[in-house]
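Here's a quick briefing to read with the structure open beside you. Take the topics in any order you like.

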Amino acid sequence: MRKLFIACILLMAAAGCKPSFQGPDAEDLDYRIRVDFCKTRDDMREYIQQYIPNVTEEQIDEWTANGKLESMEINGQRMYFRRAASNLFLIDSACIAVKKALIDPSEIVDGIHSSDLASVNGIRSYVANAQSSGKSLVNPRYAKMRHTISVNADAVPAGEVIRCWVPFPRRDVRRQKVELLATSQEKFRVSDIKAPHSCVYMEKKAVAGEPTVFWIEYYFDTRAEYFDLSGAKSAAYDRSSELYKRYTCEQPPHIVFDERMVALSDSLTKAIQNPVDKAKAIFSWIDTTFPWAGSREYGTMANIPAYVLDNGHGDCGMKTLLFMTLARIAGIPCHWESGLVDYDDCDWNMHDWCKVYFEGIGWVPVDQSHGLFEYRNIYPELTWINLGSVDHDRIVFNNEWGKPLQPAKKFARSEPVDYQKGEVEWRGGNIYFDKWKMSYDVQYINK
């Protein structure tokens, strides 16, 4: 796999098709893979036995051979991806059934899992408010966030300057407002409002035996955004416009119009004229074909959409990049968006989605990994809620992937595609994720 990644990068460079981001070199890539592939066969067995106590060695062999337990041979030893065991119960139908059978029936309320009730009710609330008011932005939410990055003690020699980029909500997104309140360092730089990755940059000298801590605190308010696309038709695109050309082009190494992707996009959309219906066809196919599973660090994959096709699963950003590739091939403009999402009142996590442009309608959100509404058998009117709408529980940091930060990093990013945790380096090189921690502290405000 490592040799394949490097070969793909060299082939693209030879063809004059250079990556749009500064990815890891061979030595760095090797290190990243070792961090991700750090589990042994014993670790796999121990995790699986929680759900299948009598799991056999033959079953583990089969799951390893077919890639459902993702692994790699490193220095003559079979090593497993750190999330391979938990992913098994997300991508293998028999294992999914085993885990599903353990759900307590009392946790199901009117056909909906109790953990999903708040989310379902929230969606129904903002849809009702948007439809009754005629507004696309509804249900405001107000909060303060402290985003902290703590570099491990002695990760760099004492006295060395650590450079840090902390993600900061975008100021050019109409569904969110933001105000920087405080920073850990007196001197700081906020990226330009139109920068593809919004951040606050700071520097600090390392002290022996102490973690080096950076933080920013900001106020934000967000709103749900709703577009009713039922029966909607997009007008013909102006194919000569800068918008159309910019957002329907290839973007190597992850949005590439190779023969396989072109054939797939054509097979899904060639009989469809309305771009809205084309987007729905791509969206529903990806959702029903590829289950969600935890991902390797994006910088270790040569082409993320190809990985999804080859391995049969992907996380939010991986499925989004596949959607974007197929949509752009079909002539539908789209661009990346990512940041944080609150899944359950202060359970903030990283998340990726995108926006598509329909002529006469505008830019509308598409959350490919949330897919067709899970409880559409109960609320069929919400079937397509994730193609055209987003709730208020998310913050946008990025409107592109794999672009330079401000100021630019001198070394490859820890996450060369996305940017939600932050980035850290010193004059000796990048400081990878295993050398620092991040945290989010959110306080909600009633207005």
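In which loop does proline 253 lie? Proline 253 sits in the loop between helix H8 (242–247) and helix H9 (259–269). Keep in mind that this is a predicted model. Here's the overall picture, then the sheet, the backbone oddities and one arginine.

**Overall build**

- The protein has twelve helices and 18 strands to find your way around.
- For 447 residues, a compact globule would come out with a radius of gyration near 22 Å, and the protein agrees, because its own value is 22 Å.
- If you box up the C-alpha atoms along the principal axes, you get roughly 60 × 60 × 55 Å.
- Out of the 447 residues, 52% count as buried.
- Among contacts with a separation of 6 or more, 71% come from residues 24 or more positions apart.

**Surface and charge**

- About 20100 Å² of the protein is exposed, and carbon and sulfur atoms supply 50% of that area.
- On the charge side, there are 54 positive and 61 negative side chains.
- The centres of those two charge sets lie 5 Å apart.

**A five-stranded sheet**

- One open sheet has five strands, running S8-S9-S6-S16-S17 in order, and the pairing is antiparallel.
- At the edges you'll find strand S8 (189–190) and strand S17 (429–430), each of which pairs on one side only.
- As background, strands in a sheet pair through backbone hydrogen bonds, in either a parallel or an antiparallel way.
- Inside this sheet, strand S6 (residues 161–167) and strand S9 (residues 199–205) pair in the antiparallel sense, with seven bridges between them.
- To line up S6 and S9 on screen, look for valine 161, which stands opposite lysine 205 in S9.

**Cis peptide bonds**

- Most peptide bonds are trans, and most residues other than glycine have a negative phi.
- Back to proline 253: the peptide bond that runs from proline 252 to proline 253 is cis, with omega near 5°.
- Another cis bond joins glutamine 406 and proline 407, with omega at about -10°.
- Proline 407 is in a loop too, the one between strand S15 (394–398) and strand S16 (423–426).

**Positive phi outside glycine**

- Asparagine 75 isn't a glycine, yet its phi is positive, near 50°.
- You'll find asparagine 75 in the loop between strand S1 (71–74) and strand S2 (77–80).
- Is asparagine 75 buried or exposed? Its relative accessible area is 66%, so asparagine 75 is exposed, given that anything over 50% gets that label.
- Aspartate 154 has a positive phi as well, about 65°, and it's not a glycine either.
- The loop that holds aspartate 154 runs between strand S5 (137–151) and S6, and S6 is one of the strands of the open sheet described above.
- Aspartate 154 counts as exposed because its relative accessibility is 52%.

**Arginine 124 and its contacts**

- Arginine 124 is part of helix H7 (residues 117–133).
- With a relative accessible area of 39%, arginine 124 is partly exposed.
- Which residues does arginine 124 touch, leaving out those up to four places away in sequence? They are Tyr379 and Leu382.
- Isoleucine 385 is 261 residues from arginine 124 in sequence, but the two C-alpha atoms are 9.9 Å apart in space.

Notes: Residues are numbered from 1 along each chain as its sequence is written. This is a predicted model: local features need pLDDT of at least 70, side-chain atom pairs count only at pLDDT 80 or more; totals for chains, interfaces and linings use all residues. Side-chain values use heavy atoms; hydrogens and water are left out. Helices (H or I, at least four residues) and strands (E, at least two) are DSSP runs, numbered from the N terminus. The radius of gyration is taken over C-alpha atoms; the globule rule is 2.2 Å times the number of residues to the power 0.38. Buried means under 20% relative accessible area, exposed over 50%, partly exposed in between (1.4 Å probe, protein chains only). Contact means heavy atoms within 4.5 Å. Accessible areas come from the Shrake-Rupley method with a 1.4 Å probe; for residues, only the protein chains shown count as cover. Lys and Arg count as positive and Asp and Glu as negative; His and the chain ends are not counted. The place of a charge is taken as NZ of Lys, CZ of Arg, CG of Asp or CD of Glu. Two strands pair if DSSP finds at least two bridges between them.
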